[in-house]
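Here is a short report on how one chain is packed. Keep the structure open while reading.

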Amino acid sequence: MSSIPSLLRDRIAATPDAEAYRVPSDDGWTSLSWREVGDRVRGLALGLAQLGSGPGTRVSILCSTRLEWILCDLAVLATGAATTTIYPSNTAAESAFIINDSGSTIVVAENDDQVAKLRSVQKELPDVTHVIVIDGAAGDDGWVIPLASVAASEGDYDAMVDAIAQDSLATLIYTSGTTGRPKGVELTHDNWLYTAEAVREVGLISPPATCTSCGCRCRTRSASCWRW
């Protein structure tokens with residue numbers, strides 16, 4: 001496997017109807033199959049590509065742990081871009097620093113509160129072309145768009161995934177900044193796949209298993225589930 005998206009694609013092909021994720025809902029829990037996850041990731045990836053996400057670019061995610069976090073993350077990776085993680089507790093100034101330092105051109109924000117945080121420093125984010133809000137309203141100026149409107153059907157998803165190399169950058173994780181400016185740590189697709197393989201080899205996770213929303217932010221766990 002050369003990348004996280006290619007590994008996901010293989011898992012979907014192998015067990016399309018198996019339960020992949022389970023998320024809280026009004027009725028308790030709602031399950032998504034691997035096929036459903038794949039459809040959502042594919043649509044988001046094609047839409048993100050139309051917005052400019054692709055090889056060499058960065059997309060920041062300013063959001064708490066939830067299903068949409070992992071779906072957006074996987075979609076970003078499928079375009080060949082890298083995800084930059086931002087804690088939802090970060091201040092506007094801290095968020096702006098990470099967005100600029102990482103070179104992010106798109107930001108995924110969880111809700112209107114996070115959008116307001118970005119709006120307060122918008123002039124300091126000249127390279128950010130779009131803010132995609134998961135739970136919130138679109139902006140009048142076109143800078144903020146709802147996640148529900150991003151998915152697309154035009155484009156060659158498989159070609160994007162096939163073009164990702166093992167040594168391609170997958171993630172920029174920033175330190176907390178308690179001892180100075182936050183510093184970005186680079187993780188490639190191979191880094192994640194190696195860790196996932198190690199988790200599987202030592203038997204920390206074994207089939208059958210389902211990723212719940214509380215585990216979505218841990219890509220190592222998700223990738224380990226995919227390797228069976």
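In which strand is Leu187 found? Leu187 belongs to strand E9, residues 184-188. The model is a predicted one.

**Two strand residues**

Leu187 has a relative accessible area of 22%. Buried would need a value under 20%. Leu187 therefore counts as partly exposed. Its C-alpha atom is separated by 6.4 Å from that of Leu172, and the two residues are 15 apart along the chain. Setting aside neighbours within four places in sequence, Leu187 contacts Leu169, Ala170, Thr171, Ile173 and Trp192.

Thr84 lies in strand E4, residues 82-86. Is Thr84 buried or exposed? Thr84 counts as buried, because its relative accessibility is 0%. What does Thr84 touch, not counting residues up to four places away in sequence? The list is Arg58, Val59, Ser60, Ile61, Ile98, Ser102, Ser104, Leu172 and Tyr174.

**The chain as a whole**

The chain holds 8 helices and 10 strands. It has 228 residues, and 50% of them are buried. Take the contacts between residues at least 6 apart in sequence: 64% of these join residues at least 24 apart.

**The start of the chain**

Ser3 sits in the segment before H1. Ser3 is buried, with a relative accessible area of 0%. Beyond its neighbours within four places in sequence, Ser3 is in contact with Val161, Ile164, His189 and Leu193.

Ser6 is found in helix H1. At 8% relative accessibility, Ser6 counts as buried. The C-alpha atoms of Ser6 and Ala78 are separated by 8.3 Å. Along the chain, Ser6 and Ala78 are 72 residues apart.

**Helix pairs**

The table lists three helix pairs.

| Pair | Angle between axes | Axis separation |
|---|---|---|
| H1 (residues 4-14) and H2 (residues 34-50) | about 140 degrees | 8 Å |
| H1 and H7 (residues 189-201) | roughly 45 degrees | within 9 Å |
| H2 and H3 (residues 67-78) | about 55 degrees | 8 Å |

Start with H1 and H2, which pack at an angle of about 140 degrees. That makes H1 oblique to H2. The label antiparallel applies to angles over 145 degrees. The crossing of H1 and H2 is left-handed. H1 supplies Leu8, Arg11 and Ile12 to the contact, while H2 supplies Trp34, Arg35, Gly38 and Val41. By class, the contact of H1 with H2 has 4 nonpolar, 1 polar and 2 charged residues.

Next come H1 and H7, whose axes cross at roughly 45 degrees. H1 and H7 are therefore oblique to each other. Which residues of H1 and H7 meet? Ile4, Pro5 and Leu7 are on the H1 side, with His189, Trp192 and Leu193 on the H7 side. This contact of H1 with H7 divides into 5 nonpolar residues, 1 polar and no charged. His189 and Leu193 also appear among the contacts of Ser3. Trp192 is also one of the contacts of Leu187.

The third pair is H2 and H3, with an angle of about 55 degrees. H2 is thus oblique to H3. H2 passes H3 in a right-handed crossing. From H2, the residues that meet H3 are Val37, Arg40, Val41, Leu44, Ala45 and Leu48. They meet Leu67, Leu71, Cys72, Leu74, Ala75, Val76 and Ala78 of H3. How many residues of each class does the contact of H2 with H3 hold? It divides into 12 nonpolar, no polar and 1 charged. Val41 of H2 takes part in the contact with H1, and Val41 also meets H3.

**One face of H5**

Helix H5 spans residues 112-119. Its buried residues are Gln114, Val115, Lys117 and Leu118. Why do they line one face of the helix? Seen down the axis of H5, they fall within an arc of 155 degrees, so they line one face.

What do the buried residues of H5 pack against? The partners include one helix, H4 (92-102). The strands in the list are E3 (58-62), E5 (104-111), E6 (130-135) and E7 (144-146).

Methods: Residues are numbered from 1 along each chain as its sequence is written. This is a predicted model: local features need pLDDT of at least 70, side-chain atom pairs count only at pLDDT 80 or more; totals for chains, interfaces and linings use all residues. Side-chain values use heavy atoms; hydrogens and water are left out. Axes are lines fitted to C-alpha atoms, for helices over the stretch in contact, and angles run from 0 to 180 degrees between N-to-C directions. Helices (H or I, at least four residues) and strands (E, at least two) are DSSP runs, numbered from the N terminus. Angles under 35 degrees count as roughly parallel, over 145 as roughly antiparallel, 65 to 115 as roughly perpendicular and the rest as oblique. A crossing is left-handed if the near helix is turned anticlockwise from the far one by less than a right angle, and right-handed if clockwise. Contact means heavy atoms within 4.5 Å. Ala, Val, Leu, Ile, Met, Phe, Trp, Tyr, Cys and Pro count as nonpolar, Asp, Glu, Lys and Arg as charged, and the others, Gly among them, as polar. Buried means under 20% relative accessible area, exposed over 50%, partly exposed in between (1.4 Å probe, protein chains only). The arc is that of the directions from the helix axis to the C-beta atoms.
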